[in-house]
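The following exercises concern the strands and helices of a protein model. Please work through each task before reading its solution.

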Amino acid sequence: MILVTGSAGFIGANFVLDWFAQGEESVISLDKLTYAGNLENLASLKGDPRHIFVRGDIGDAELVGQLLRQYCPRAIINFAAESHVDRSIHGPEDFIRTNIVGTFHLLEAVRAYWSGLADAEKDGFRFLHVSTDEVYGSLAKDEPAFSETHRYEPNSPYSASKAASDHLVRAYHHTYGLPVLTTNCSNNYGPYHFPEKLIPLMIVNALAGKPLPVYGDGQQIRDWLYVKDHCSAIRCVLAKGRLGEVYNIGGWNEKANLDIVHTVCTLLDELRPRTDSKSYREQIVFVTDRPGHDRRYAIDARKIERELGWKPAETFDTGIRKTVRWYLDNQGWVGNVQSGSYRQWVEKNYAGRG
Ligand code: NAD
Ligand code: DAU
């Protein structure tokens with residue numbers, strides 16, 4: 001079996017669901033269930049004997065050690081993290097605690113377990129760390145996309161904490177020989193995306209008749225990848241990646257934020273027109289920019305294609321249409337995640353942005 005951390009979050013849940021769509025190997029899920037963790041994402045697995053869910057912290061080395069000894073997974077996929085840049089600006093501490101200290105404790109527990117394995121199991125074991133393109137910093141308009149050798153220049157508390165975790169993972173390979181793999185992926189979108197992030201927030205706000213808040217001039221560029229393509233890339237790296245290597249994952253889909261918001265509005269105009277027949281674009285408002293806002297991310301995904309033969313299956317057009325459809329078809333899920341703590345966050349982040 002494999003152990004997946006952060007499996008009740010956006011990408012982790014998609015990964016576990018897709019894993020079972022591909023094969024029969026069991027999964028043990030470890031998730032702290034923070035505001036971003038939602039067991040409803042895994043509801044279709046209820047009662048499935050292949051899936052064991054444990055609520056817990058990756059920083060709890062005793063718990064992780066006990067799970068490793070009990071279930072003897074052949075691999076660990078580490079998705080668990082605090083993931084939202086704006087939250088890291090308002091309160092960095094949780095990011096340091098989970099992304100840096102938590103990853104350290106997880107690595108220590110894994111090292112102790114791995115050291116005690118017999119040689120054959122030791123050789124076959126993998127620790128796959130899921131990271132982000134944000135560790136590379138911000139690109140100017142004409143600079144080449146981030147390759148795996150681009151220097152680390154994280155700009156937000158979130159990206160700095162992810163960069164630190166990447167360095168720890170690298171060091172555990174270099175120093176102790178732990179068989180690690182690291183992936184650095186661009187912006188994901190798709191089902192189960194928590195509506196604090198750009199695309200789901202725009203869909204949810206549009207349908208609720210609320211403003212669509214675009215930070216600054218809306219010309220910041222992100223490189224978008226449909227979440228299921230990220231999951232297939234991780235499966236590919238797990239199966240074929242070279243030990244100690246880093247693989248950048250991206251969809252070759254650079255888009256300005258304002259264009260993303262326009263696309264979402266156009267799709268909603270088609271699929272769920274406003275009752276007054278006006279476009280959802282009427283709801284766009286420009287608000288104060290994110291402090292330290294990175295201008296452009298772009299991933300050079302040639303290494304994973306060349307070495308492992310991975311390519312995304314979705315274009316942005318097909319992926320965004322599926323995504324908007326999913327939110328229209330899953331309004332119950334949206335309602336359930338908009339808890340009291342979600343509403344408090346929305347007030348905190350957007351109050352005073354003007
Ligand atoms: P998310 O915030 O939706 O989910 C994170 C999950 O981790 C939640 O279920 C949460 O409960 C859990 N978690 C948080 N702290 C924990 C802890 N201490 N112990 C155990 N579980 C804990 O995040 P996501 O968007 O699914 O991102 C998953 C991973 O992928 C993160 O490591 C993130 O840095 C990385 N990543 C995300 C994107 C993206 O566009 N969303 C892109 C590239 C990389
Ligand atoms: O690049 C990968 C990263 O993508 C991941 O590592 C992070 O975990 C993930 O959250 C995401 O970070 P971003 O900051 O790029 O995503 P977010 O959806 O928060 O914002 C996308 C862009 O949209 C960014 O330029 C800020 C802008 N934005 C965001 C929100 C929430 C707005 O203009 N308005 C908004 O209300």
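**Exercise 1.** In this predicted model, determine which residues of strand 8 (residues 212–215) point one way and which the other way, and whether they are buried or exposed.

*Solution.*
Step 1. In a regular strand, side chains alternate between the two faces of the sheet.
Step 2. In strand 8, Leu-212 and Val-214 point one way, while Pro-213 and Tyr-215 point the other way.
Step 3. Buried requires a relative accessible area under 20%, and all four of these residues are buried.
Step 4. Strand 8 is joined by four bridges to strand 12 (residues 284–287), and the two run parallel. Within this pairing, Val-287 of strand 12 is the residue opposite Tyr-215.

**Exercise 2.** Establish the strand order of the open sheet of three strands, and identify its edge strands.

*Solution.*
Step 1. The order is 7-9-11, and the pairing is mixed.
Step 2. Strand 7 (187–189) and strand 11 (254–256) each pair on one side only, and these are the edge strands.
Step 3. From one strand to the next, the twist averages 50 degrees.
Step 4. Strand 7 and strand 9 (residues 221–226) run parallel and are joined by three bridges. Asn-187 has Trp-224 in strand 9 as its bridge partner.
Step 5. Helix 8 (residues 227–240) packs on this sheet and touches strand 7 and strand 9. The direction of helix 8 makes about 70 degrees with that of strand 9.

**Exercise 3.** Classify the orientation of helix 7 (residues 198–207) relative to helix 11 (residues 316–329), and describe their contact.

*Solution.*
Step 1. The two helix axes come within 11 Å and cross at roughly 50 degrees.
Step 2. Angles under 35 degrees count as roughly parallel, and 65 to 115 as roughly perpendicular. Helix 7 and helix 11 are therefore oblique to each other.
Step 3. The crossing of helix 7 and helix 11 is right-handed.
Step 4. Helix 7 contributes Ile-199, Pro-200, Ile-203, Val-204 and Leu-207 to the contact, and helix 11 contributes Ile-320, Thr-323, Val-324, Tyr-327 and Leu-328.
Step 5. By class, this contact comprises nine nonpolar residues, one polar residue and no charged residues.

**Exercise 4.** Locate Gln-331, state its exposure, and give its separation from Val-204 in sequence and in space.

*Solution.*
Step 1. Gln-331 lies in helix 12 (residues 331–337).
Step 2. Its relative accessible area is 38%. Buried means under 20% and exposed over 50%, so Gln-331 is partly exposed.
Step 3. Gln-331 and Val-204 are 127 residues apart in sequence, and their C-alpha atoms are 8.9 Å apart in space.

Definitions and conventions:
Residues numbered from 1 in each chain as written. Chains lettered and ligands numbered in written order. Predicted model: local features only at pLDDT ≥ 70, side-chain atom pairs only at ≥ 80, totals over all residues. Heavy atoms only, no water. Pairing = 2+ DSSP bridges. Axes fitted to C-alpha atoms, helices over the stretch in contact; angles between N-to-C directions. Contact = heavy atoms within 4.5 Å. Parallel < 35°, antiparallel > 145°, perpendicular 65-115°, else oblique. Left-handed = near helix turned anticlockwise from the far one by under 90°. Nonpolar A, V, L, I, M, F, W, Y, C, P; charged D, E, K, R; others polar. Buried < 20%, exposed > 50% of the residue type's maximum accessible area, 1.4 Å probe, protein only.
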